[in-house]
Amino acid sequence: MRPARENPRWGHRRIQEELTRLGHRIAASTVWEILHAAGIDPSPRRSGPTWHEFLAAQAEGIIAADFFHVDTALGKRLYALAFLKHGSRRLHITGVTAHPTRDWAVQQARNLTADLGIRIESLRFLLRDRDDKYGEAFDAVFQAEKMEILNSAPQAPRMNAHCERIIGSIRREALDHVLIMNDAHARHILTAYERHHNEHRPHQARNQLPPDAHEQPAAAHDLHTHKVARTWILGGLINEYRYAA
């Protein structure tokens with residue numbers, strides 16, 4: 001049936017309405033029977049957007065949160081809390097602790113809202129999993145900013161895929177190559193990586209622009225007079241390249 005195939009998000013009632021507008025008076029149940037006979041059954045897409053479509057459509061208004069652990073060279077496990085703005089891909093690592101209590105998580109939420117300032121007005125949703133380290137007080141910090149809390153389904157990390165991906169990048173590009181000694185050392189490593197991520201690291205979702213950049217720097221036409229300079233981050237673990245002044 002042509003309307004159904006050309007409009008995969010339309011349900012049988014929406015198709016019936018369009019047919020009625022064209023002068024074809026037909027019951028919604030008849031439309032459903034025709035679709036069913038044609039092998040076009042109702043699906044989640046036909047009653048609303050998929051999760052991926054929702055995240056893409058609301059990207060500018062979503063910030064996601066996720067905990068991740070950092071193991072020290074002495075066997076101590078630390079925890080960090082990361083926030084990622086979907087639209088800009090801007091990363092905020094608000095703190096590191098060995099004891100991630102609910103009170104500590106609430107303080108990180110307050111630190112984030114203070115850091116965002118008026119920029120938080122563009123956000124509509126906080127996306128997080130159902131970890132016990134969050135609580136009602138944590139959610140209340142964001143609800144006070146007129147934000148809605150979105151909880152991902154249990155054991156469904158792909159629902160918070162952007163945060164999972166950036167945490168994977170932090171591990172592959174930094175944590176897996178450094179012996180973390182203590183809390184202060186972990187904070188130093190993560191702060192340096194956050195700055196690199198936001199100010200320099202290109203992102204495919206932003207046409208290779210870093211989160212804090214609005215346009216690509218002008219390319220040098222004469223490489224003999226415009227030499228490329230390398231900046232070492234974390235002792236050379238990460239390299240950044242720019243044209244020398």
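## Buried positions, cores and a surface patch

Ser 169 is found in helix 8, which spans residues 161–173, where helices (H or I, at least four residues) and strands (E, at least two) are DSSP runs numbered from the N terminus. The model is a predicted one, in which local features need pLDDT of at least 70 and side-chain atom pairs count only at pLDDT 80 or more, while totals for chains, interfaces and linings use all residues. Residues are numbered from 1 along each chain as its sequence is written, and side-chain values use heavy atoms, with hydrogens and water left out.

The accessibility classes used below are buried (under 20% relative accessible area), exposed (over 50%) and partly exposed (in between), with a 1.4 Å probe and protein chains only.

| Residue | Element | Relative accessibility | Class |
|---|---|---|---|
| Ser 169 | helix 8 | 7% | buried |
| Leu 127 | strand 4 | 0% | buried |
| Tyr 243 | strand 7 | 38% | partly exposed |

Contact here means heavy atoms within 4.5 Å. Leaving aside neighbours within four places in sequence, Ser 169 is in contact with Ala 174, Tyr 193 and Arg 201. With the same exclusion, Leu 127 of strand 4 (residues 125–128) has contacts that include Trp 51, Leu 55, His 86, Leu 150 and Met 159. Between Leu 127 and Cys 163, the C-alpha to C-alpha distance is 9.6 Å, across 36 residues of sequence.

A nonpolar core is a set of buried Ala, Val, Leu, Ile, Met, Phe, Trp, Tyr and Cys residues joined through side-chain atoms within 4.5 Å. The largest one holds 29 residues, of which Phe 68, Leu 91, Ile 170, Leu 175 and Leu 190 touch the most other members. At least two residues of this core come from each of strand 1 (62–71), strand 2 (77–85), strand 3 (91–97), strand 4, helix 8 and helix 9 (183–199). A second, separate core of 20 residues includes Ala 105, Leu 112, Met 147 and Ile 149.

In helix 3 (residues 28–37), the buried residues are Ala 28, Val 31 and Leu 35. Seen down the helix axis, these buried residues fall within an arc of 55°, so they line one face of helix 3; the arc is that of the directions from the axis to the C-beta atoms. An α-helix has 3.6 residues a turn, so residues three or four places apart point the same way. On the face turned away from the buried side, helix 3 carries the exposed residues Glu 33 and Ala 37, and just after the helix Gly 39 takes a positive phi of about 80°.
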